[in-house]
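Me: I've got a model open and I'd like to talk it through with you. Can we go over it bit by bit?

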Amino acid sequence: MPNKPLLTNLPKNWPGMFGIYKFSKLAVKVNLNTVIILTVFTIVLAGASQAFLLKKNYLGIATLLLISPIVNGALYITWIKGTRSEKVTTVDAVALAYTKWIRLLLLNILVNLTYIVSFLLLIVPFVFVYPRLSLANYFLIDRDMKVMDAYRSSWRATKGHIIEPWSIYAVSVLIVLSAFTIIGIPFVIYFFIMYSAAFAVFYEMLRKQSKPKVSKTTHKLATKK
């Protein structure tokens, strides 16, 4: 008997930067082992990139830049599936991300270039641009979109939702900074992992809100058939 989706009762309105934690936690717990393994991989890649940068090993940096979209893509896949109570192994998530590797790479380049240009032109535009493109990877992966389609879809879907992405980012930063307090690193790691699916939950909320409503007449016709 299939598991019932954990997040069928998503709030219609934004639950708040801390309120979304419980939904993220539910999503992560569906594939906890996979999330942990992939998170460790991302940390290792980040550490390796810093080491290569210090040694000016540009070949190593280039290699990591090519690998990163696959690992990050696997995490996006795992988080999305978690919001729908769907199980996925690390191998399957990586394999699926690999099929979208080129598009993920090009999308990341495009999004980062947009961020850089908006930041250099004026700080205010970046404040508005960042949240508008924060879901681009989710659209590409979940709906198997082309690069520009995912880019535009994120921009359209987040219209009027500037605060939410910044709120999620702010909480993530606060969690990381808590490592320097009395809370302790183990607790920080726990909350960081459990909050890691917040953007996926936000994406799923917007996806459900954007579903076209079926009129009563259409529903009756469908029932008769």
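**Walking through the model**

Reply: Happy to, and I'll start with one residue: Tyr 115 has a relative accessible area of 14%, so it is buried. Keep in mind that this is a predicted model.

Me: Where is Tyr 115 found, and how far apart are the C-alpha atoms of Tyr 115 and Leu 133?
Reply: Tyr 115 is found in helix 5. Along the chain, Leu 133 is 18 residues away from Tyr 115. Between their C-alpha atoms the separation is 9.1 Å.

Me: Which residues do ring pairs link into a cluster with Tyr 115?
Reply: Start from the whole structure, where a search finds 15 aromatic pairs. Ring pairs join Tyr 115 into a cluster, and its other members are Phe 119, Phe 126, Tyr 130, Trp 166 and Tyr 169.

Me: Why does the pair of Tyr 21 and Phe 191 count as tilted?
Reply: The ring centres are 6.0 Å apart, and the planes of Tyr 21 and Phe 191 meet at 50 degrees. Planes under 30 degrees apart would be stacked and those over 60 edge-to-face. An angle of 50 degrees fits neither, so the pair of Tyr 21 and Phe 191 is tilted.

Me: How many residues apart are Tyr 21 and Phe 191?
Reply: This pair links distant parts of the chain. Tyr 21 sits in helix 1 (residues 21–30) and Phe 191 in helix 10, which puts them 170 residues apart.

Me: Is Phe 191 buried, partly exposed or exposed?
Reply: Its partner Tyr 21 has a relative accessible area of 18% and is buried, since buried means under 20%. Phe 191 comes out at 35%, and exposed needs over 50%. So Phe 191 counts as partly exposed.

Me: What is the angle between the planes of Phe 126 and Tyr 130?
Reply: Both residues lie in helix 6 (residues 123–132), four residues apart, or about one turn of the helix. Phe 126 and Tyr 130 are both buried. Their ring centres are 6.4 Å apart, and the pair is tilted, with the planes at 35 degrees.

Me: Which ring does the charged end of Arg 132 sit over?
Reply: Look for the ring whose centre is 4.4 Å from the charged end of Arg 132. That ring belongs to Trp 155.

Me: On to the pockets. Which residues lie nearest the centre of the largest pocket?
Reply: The largest pocket has a volume of about 1,300 Å³. Its lining takes in 33 residues. Helices that each supply at least two of them include helix 2 (32–54), helix 3 (58–83) and helix 9 (163–177). Nearest the centre are Asn 72, Tyr 76, Trp 79, Phe 192 and Phe 199.

Me: How many charged residues are in the lining of the largest pocket?
Reply: Sorted by class, this lining has 24 nonpolar residues and nine polar ones. The count of charged residues is zero: there are no charged residues.

Me: Which helix gives the largest share of the lining of the second largest pocket?
Reply: The second largest pocket has a volume of about 320 Å³ and is lined by 16 residues, with Leu 64, Leu 65, Ser 68, Pro 69 and Asn 72 nearest its centre. Helix 2, helix 3 and helix 5 each give two or more residues to this lining. The largest share, eight residues, comes from helix 3.

Me: Which backbone oxygen lies 2.9 Å from a polar atom of the side chain of Thr 34?
Reply: Thr 34 is found in helix 2, and at 6% relative accessibility it counts as buried. The oxygen 2.9 Å from its side-chain polar atom is that of Val 88.

Me: Is Asp 144 buried, partly exposed or exposed?
Reply: Asp 144 is found in the loop between helix 7 and helix 8 (147–157), and it has a positive phi of about 50 degrees although it is not a glycine. Ser 85 also has a positive phi, of about 60 degrees, and counts as buried at 12% relative accessibility. With a relative accessibility of 45%, Asp 144 counts as partly exposed.

Me: Last one: how many helices does the protein chain have?
Reply: There are zero strands in the protein chain. Its secondary structure comes to twelve helices.

Definitions and conventions. Residues are numbered from 1 along each chain as its sequence is written. This is a predicted model: local features need pLDDT of at least 70, side-chain atom pairs count only at pLDDT 80 or more; totals for chains, interfaces and linings use all residues. Side-chain values use heavy atoms; hydrogens and water are left out. On a 1 Å grid over the protein atoms alone, a cavity is a set of points where a 1.4 Å probe fits but cannot get out, and a pocket is an open set with protein on both sides within 12 Å along at least five of seven lines; lining residues have an atom within 4 Å of a point. Grid points are joined across faces, edges and corners, and a volume is the space filled by probe spheres set on the points. Ala, Val, Leu, Ile, Met, Phe, Trp, Tyr, Cys and Pro count as nonpolar, Asp, Glu, Lys and Arg as charged, and the others, Gly among them, as polar. Rings of Phe, Tyr and Trp (its six-membered ring) pair if their centres lie within 6.5 Å; planes under 30 degrees apart count as stacked, over 60 as edge-to-face and the rest as tilted. Buried means under 20% relative accessible area, exposed over 50%, partly exposed in between (1.4 Å probe, protein chains only). A charge sits over a ring if NZ of Lys or CZ of Arg is within 6 Å of the ring centre and within 35 degrees of the ring normal. A polar contact is a pair of N or O atoms within 3.5 Å; within protein, one must be able to donate a hydrogen and the other to accept it, and residues adjacent in sequence count only if both atoms are side-chain atoms.
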